[in-house]
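Here are a few exercises on a protein fold, with worked solutions. Have a look at the model first, then try each task before reading on.

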Amino acid sequence: MCFTVVVLILVRHGRTAANAAGVLQGRLDIPIDDVGLEQVRQVAAAIGPVDRVISSPLMRARETAAQFGQPVTVDDRWIELDYGEYDGLPLSAVPAAAWQQWSTDTTFSTPGGESMGSLDTRVRAACADAFATASDERVVVVSHVTPIKAAVAWALGCDISISFRCHLDQASVCRIISGPRGAVLRSFNEVLYAR
């Protein structure tokens, strides 16, 4: 049986000063730092030529996407989860009860924030669109930790709650390919840069 192979390469943005400081970034629009720039240069070189690049609108993702040497299409559906009042706080300052609610209740959001269920809905639609329009293409999507985990859940056909049971490094790579019965997770949390 022959089928078209679609390759969706999900890249988490390079390190930022907030990552280095252990701060929850959410929708904060900050650039990658010098370490992050070197990470993403190495990742782009390791991945090699791609056909299309899609990015979250946030600066750290767009700066990462620019390293692939293709025009970048910004898609708002790949933006990071809005943590509302917790954006900009150290991870250690976020109450344990909030983490517990996020991990067990997809409708939970903080004041001014977004629920995991809402993020999951938009990312699943973005994944479906990328697969529907790509044909024998290598498509890079540059995004953030939570949307990438949602895309992995989509590929695996499972619930967004798995995101609390897996870890993604900065500038890591996940690959989703098309199989005869739909999306297939090919790799998870590949680190393609020298640490």
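Three exercises follow, all on this predicted model.

**Exercise 1.** Work out the strand order of the open sheet, and say why β3 and β6 each have one side without a neighbour.

*Solution.* Start with the order: the 6 strands run β3-β2-β4-β1-β5-β6, with mixed pairing. Next, look at the ends: β3 (72–74) and β6 (182–190) sit at the edges with a single partner strand each, so one side of each has no neighbour in the sheet. Then check the twist: neighbouring strands are turned by 20° against each other on average, direction ignored. Now zoom in on one pair: β2 (residues 52–55) and β4 (residues 138–143) pair in the parallel sense over 4 bridges. There, V53 stands opposite V140 in β4.

**Exercise 2.** Describe how α5 crosses α6, and what the contact is made of.

*Solution.* Geometry first: the axes of α5 (residues 116–133) and α6 come within 9 Å and cross at roughly 65°. The crossing is right-handed. Now the residues: α5 brings, among others, L119, V123 and F131, while those from α6 include P147, A150 and W154. Sorted by class, the contact has 11 nonpolar, 1 polar and 2 charged residues. Finally, α5 also packs on the sheet, touching β1 (7–12), β2, β5 (173–179) and β6.

**Exercise 3.** Which element gives the largest share of the lining of the largest pocket?

*Solution.* Begin with the space, about 510 Å³. Its lining counts 26 residues, with R12, L24, Y83, L91 and V145 nearest the centre. Two or more lining residues come from each of α1 (17–21), α4 (96–104) and α6 (145–156). The largest share, 3 residues, belongs to α6. By class, the lining has 12 nonpolar, 10 polar and 4 charged residues.

Definitions and conventions
Residues numbered from 1 in each chain as written. Predicted model: local features only at pLDDT ≥ 70, side-chain atom pairs only at ≥ 80, totals over all residues. Heavy atoms only, no water. 1 Å grid on protein atoms, 1.4 Å probe; cavity = no way out; pocket = protein on both sides within 12 Å on 5 of 7 lines; lining within 4 Å. Points joined across faces, edges and corners; volume = space filled by probe spheres on them. Nonpolar A, V, L, I, M, F, W, Y, C, P; charged D, E, K, R; others polar. Axes fitted to C-alpha atoms, helices over the stretch in contact; angles between N-to-C directions. Left-handed = near helix turned anticlockwise from the far one by under 90°. Contact = heavy atoms within 4.5 Å. Pairing = 2+ DSSP bridges.
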